[in-house]
Amino acid sequence: MLRKFARAAILAQPQDLLQFGVDYFEAVCRGQSSPVREQAERGGLCNCAELTPERLKTLHSQVAGRLIISADELAQMWQALNLPTDLFNSVMSVGRFTEEIEWLKFLALASRALGVTITKTLKIVCEVLSSDHGPPQVPFSTFQFLYTYIAAVDREISASHVSRMLSYIEQEIIGPDGIITVNDFTQNPRVRLD
């Protein structure tokens with residue numbers, strides 16, 4: 001529970017951390033969404049309000065297929081899109097990135113700021129990685145890497161659950177083309193990534 005709060009506080013960067021904590025835990029006790037999401041929807045968080053899947057897609061196209069990118073170059077691209085520096089720094093911190101950044105990991109964590117749940121985060125990443133033609137889809141190996149990474153960083157889902165879900169998806173859903181679509185993991189009631 002404290003890890004979720006810490007992640008929410010890092011993403012929100014609230015000016016009044018004490019009030020943020022009160023709002024956060026009151027919402028949790030009532031079973032409501034966290035104040036991070038509510039503040040983002042009201043425009044109270046500049047870091048989440050300015051980041052969109054479209055801007056992430058633009059950033060992805062600028063990375064141009066590279067798997068590794070230098071932190072300085074990515075920071076320049078981020079600034080050129082007028083994305084908030086505090087969000088960039090939060091993603092760098094959560095990912096423990098240094099001079100060389102694995103682009104897919106960075107993209108996954110940046111998408112996490114928008115996604116709230118792991119399923120929504122993976123949906124955003126798949127949309128960013130997909131071409132504009134047809135339904136959003138990625139190779140299963142890419143999905144497997146992203147899901148495993150996000151779950152490990154999140155620490156709220158056991159490795160055995162991740163393994164079971166990936167095994168089920170691979171055996172029951174993935175066809176001979178090795179591709180997974182967003183609907184494969186968002187519309188199937190047997191797939192529970194979170």
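## A walk from a loop to a pocket

Ala64 is found in the loop between helix 5, which covers residues 53-63, and strand 1, which covers residues 68-70. The model in which this loop appears is a predicted one, and the loop is a convenient place to enter it. Ala64 is exposed, with a relative accessible area of 57%, and it has a positive phi of about 60° although it is not a glycine. Most residues other than glycine have a negative phi.

A second residue with this kind of backbone angle is Arg155, whose phi is positive at about 60° although it, too, is not a glycine. Arg155 lies in the loop between helix 10 and helix 11, the latter running over residues 159-173. With a relative accessibility of 46%, Arg155 counts as partly exposed, because that class takes in values between 20% and 50%.

Arg155 also leads to the second largest pocket, which holds about 360 Å³ of space. Fifteen residues line this pocket, and the closest to its centre are Val94, Arg96, Val153, Asp154 and Arg155. Helix 1 (2-12), helix 7 (85-95) and helix 10 (140-154) each supply at least two residues of the lining, and helix 1 gives the most, with five residues. Sorted by class, the lining consists of seven charged, six nonpolar and two polar residues.

Helix 10, one of the helices that contribute to this lining, also holds two residues that can be followed away from the pocket. One of them is Ile150, which has its place in helix 10 and is buried, with a relative accessible area of 2%. Once its neighbours within four places in sequence are left aside, Ile150 is in contact with Ala108, Arg112, Ile118, Thr121 and Leu122. For Ile118, the separation along the chain is 32 residues, while the C-alpha atoms of Ile150 and Ile118 are separated by 7.2 Å.

The other residue is Thr142, which is likewise found in helix 10. Thr142 has a relative accessible area of 19% and is therefore buried, since the class takes in values under 20%. Not counting residues up to four places away in sequence, Thr142 touches Leu104 and Leu129. Thr142 and Ile179 are 37 residues apart in sequence, and from C-alpha to C-alpha they are 9.3 Å apart in space.

The aromatic residues give another route through the model. A search of the whole structure finds eight aromatic pairs. In one of them, the rings of Phe97 and Phe106 have their centres 6.0 Å apart and their planes at 45°, so the pair is tilted. Phe97 is buried, with a relative accessible area of 13%, and Phe106 also counts as buried, at 0% relative accessibility. Phe106 forms an aromatic pair with Trp103 as well, and this pair is stacked, with 6.0 Å from centre to centre and 20° between the planes.

Trp103 and Phe106 both lie in helix 8, which spans residues 103-115, and they are three residues apart, about one turn of the helix. Trp103 is buried, with a relative accessible area of 2%. These aromatic residues belong to a wider group, as Trp78, Phe88, Phe97, Trp103 and Phe106 form one aromatic cluster.

Key. Residues are numbered from 1 along each chain as its sequence is written. This is a predicted model: local features need pLDDT of at least 70, side-chain atom pairs count only at pLDDT 80 or more; totals for chains, interfaces and linings use all residues. Side-chain values use heavy atoms; hydrogens and water are left out. On a 1 Å grid over the protein atoms alone, a cavity is a set of points where a 1.4 Å probe fits but cannot get out, and a pocket is an open set with protein on both sides within 12 Å along at least five of seven lines; lining residues have an atom within 4 Å of a point. Grid points are joined across faces, edges and corners, and a volume is the space filled by probe spheres set on the points. Helices (H or I, at least four residues) and strands (E, at least two) are DSSP runs, numbered from the N terminus. Ala, Val, Leu, Ile, Met, Phe, Trp, Tyr, Cys and Pro count as nonpolar, Asp, Glu, Lys and Arg as charged, and the others, Gly among them, as polar. Buried means under 20% relative accessible area, exposed over 50%, partly exposed in between (1.4 Å probe, protein chains only). Contact means heavy atoms within 4.5 Å. Rings of Phe, Tyr and Trp (its six-membered ring) pair if their centres lie within 6.5 Å; planes under 30 degrees apart count as stacked, over 60 as edge-to-face and the rest as tilted.
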